[in-house]
Amino acid sequence: MSPPPNADDELLSRLRRFRSDYFTHHQQRFQDLVAQGQHPKTLFIGCSDSRLVPYLLTGAGPGELFIVRNVGALVPPYDGSHGWHGTMAAVEFAVLQLHVERIVVCGHSHCGAVRAAYEGVPDEARALRQWLQLANEALLPVVPGPEALRRTEQRAVVLQLERLMDYPMVRREVEAGRLTLHGWHYVIEDGEVHVFDVQAGGFVPASQAEHTGTGPYRPASPYVEHDGQVLPL
């Protein structure tokens with residue numbers, strides 16, 4: 001009698017199905033990406049949350065997105081004040097080597113990183129505690145209920161756009177008109193991505209938006225919440 005399948009066996013089956021099903025139908029595409037190299041137009045900075053799937057949201061295929069993911073979709077300051085991180089390296093590589101045309105920062109609803117930034121983490125999670133300090137500027141001086149958490153998730157996205165503009169290669173390309181920045185907030189339960197619109201002063205559902213989000217914008221500009229309350233970052 002054979003042993004029951006385990007998680008490793010399931011993953012092995014998926015690996016085999018990828019090669020036998022998907023790869024056989026797209027083999028030429030993969031070979032072209034090897035022969036010609038990758039030329040993605042978009043750097044996608046997203047949260048590591050398993051419910052956020054960039055390829056599903058964007059309908060992208062192999063070679064179209066350069067993806068970096070971390071807890072909270074956070075961008076470290078360029079000045080190195082929080083140390084050197086893989087996310088910084090990814091931004092530099094995407095802009096300087098791949099010459100991407102847009103950068104998307106994508107947060108999402110029910111973000112565990114945002115909740116943990118308010119509630120704290122276990123003592124053993126030393127790196128996580130340090131990392132979540134990057135979200136401090138987005139936190140609100142309130143007891144975090146559902147509305148405060150949603151606002152913080154969106155404020156965190158805007159904060160990362162501001163940080164990106166401190167990267168000299170990003171600012172140079174943006175000001176030259178060769179690069180655009182976009183802030184997204186994915187509401188998992190609605191299947192809707194809300195895009196940051198600087199003119200509207202907040203996030204607009206993609207189903208009602210006229211574009212995929214705008215940036216950069218003046219850091220001194222107030223961030224207007226949906227109910228009209230002005231909350232500067």
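Start by selecting V71: at 35% relative accessibility, this valine counts as partly exposed, because partly exposed covers the range between the buried limit of 20% and the exposed limit of 50%. Keep in mind as you click around that this is a predicted model. V71 sits in the loop between β2 (65-70) and α3.

Now show what surrounds V71. Leaving out neighbours within four places in sequence, V71 is in contact with C47, S48, A113, L128, W131 and L132. Pick A113 from that group and draw a distance line between the two C-alpha atoms. V71 and A113 are 42 residues apart in sequence, and the line should read 6.1 Å.

**One step back: N70**

Select N70, which belongs to strand β2. Is N70 buried or exposed? With a relative accessible area of 8%, N70 is buried. Not counting residues up to four places away in sequence, N70 touches G46, C47, S48, T87 and W131. Compare that with V71, whose contacts include C47, S48 and W131. You can draw a line to A113 here too: N70 and A113 are 43 residues apart in sequence, with 9.8 Å between their C-alpha atoms.

**Two residues with a positive phi**

Next, go to A73, in the loop between β2 and α3. If your viewer shows backbone angles, look at phi: A73 has a positive value of about 55 degrees although it is not a glycine. A73 counts as buried, at 2% relative accessibility.

Where can you find H110? Look in the loop between β3 (102-108) and α4. Phi of H110 is near 55 degrees, again a positive value in a residue other than glycine.

**A helix pair: α3 and α7**

Select residues 86-97 for helix α3 and residues 168-175 for helix α7, and show them as ribbons. Their axes come within 9 Å and cross at roughly 40 degrees. The two helices are therefore oblique to each other. The crossing is left-handed.

Which residues make the contact? Turn on the side chains of V91, E92, V95 and L96 in α3, then those of M169, V170, R172 and E173 in α7. Colour this group by residue type and you should find 5 nonpolar, no polar and 3 charged residues.

**Another helix pair: α4 and α6**

Now hide those and select residues 112-119 for helix α4, together with residues 146-164 for helix α6. The axes of α4 and α6 come within 10 Å and cross at roughly 110 degrees. That makes α4 roughly perpendicular to α6, because angles from 65 to 115 degrees count that way. The crossing of α4 with α6 is right-handed.

To see the contact, show V114, R115 and Y118 on the α4 side, and A148, L149, T152 and E153 on the α6 side. By type, the residues of this contact divide into 4 nonpolar, 1 polar and 2 charged.

**On to strand β4: Y186**

Select Y186, in strand β4 (residues 180-187). This tyrosine is buried, with a relative accessible area of 11%. Which residues does Y186 touch, not counting those up to four places away in sequence? Show R51, L52, L57, C106, G107, H108, S109, G191, E192 and V193 to see them. For another distance line, connect Y186 to P205: they are 19 residues apart along the chain, and their C-alpha atoms are separated by 9.3 Å.

**An exposed stop: Q208**

Move to Q208, in the segment after β6 (202-205). At 60% relative accessibility, Q208 counts as exposed. From its C-alpha atom, draw a line to that of H194: the two residues are 14 apart in sequence and 9.1 Å apart in space.

**Zoom out**

Finally, show the whole protein as a cartoon. How many helices and strands are there? The protein has 7 helices and 6 strands. Trace the chain along the sequence and you will meet them in the pattern α-β-α-β-α-β-α-α-α-α-β-β-β.

Switch on the surface view next. The protein exposes about 13,200 Å², and carbon and sulfur atoms supply 54% of that area. Of the 233 residues, 42% are buried; N70 is one of the buried residues you visited. Last, think back to your distance lines: among contacts with a separation of 6 or more, 60% are between residues 24 or more positions apart.

Definitions and conventions:
Residues are numbered from 1 along each chain as its sequence is written. This is a predicted model: local features need pLDDT of at least 70, side-chain atom pairs count only at pLDDT 80 or more; totals for chains, interfaces and linings use all residues. Side-chain values use heavy atoms; hydrogens and water are left out. Axes are lines fitted to C-alpha atoms, for helices over the stretch in contact, and angles run from 0 to 180 degrees between N-to-C directions. Helices (H or I, at least four residues) and strands (E, at least two) are DSSP runs, numbered from the N terminus. Angles under 35 degrees count as roughly parallel, over 145 as roughly antiparallel, 65 to 115 as roughly perpendicular and the rest as oblique. A crossing is left-handed if the near helix is turned anticlockwise from the far one by less than a right angle, and right-handed if clockwise. Contact means heavy atoms within 4.5 Å. Ala, Val, Leu, Ile, Met, Phe, Trp, Tyr, Cys and Pro count as nonpolar, Asp, Glu, Lys and Arg as charged, and the others, Gly among them, as polar. Buried means under 20% relative accessible area, exposed over 50%, partly exposed in between (1.4 Å probe, protein chains only). Accessible areas come from the Shrake-Rupley method with a 1.4 Å probe; for residues, only the protein chains shown count as cover.
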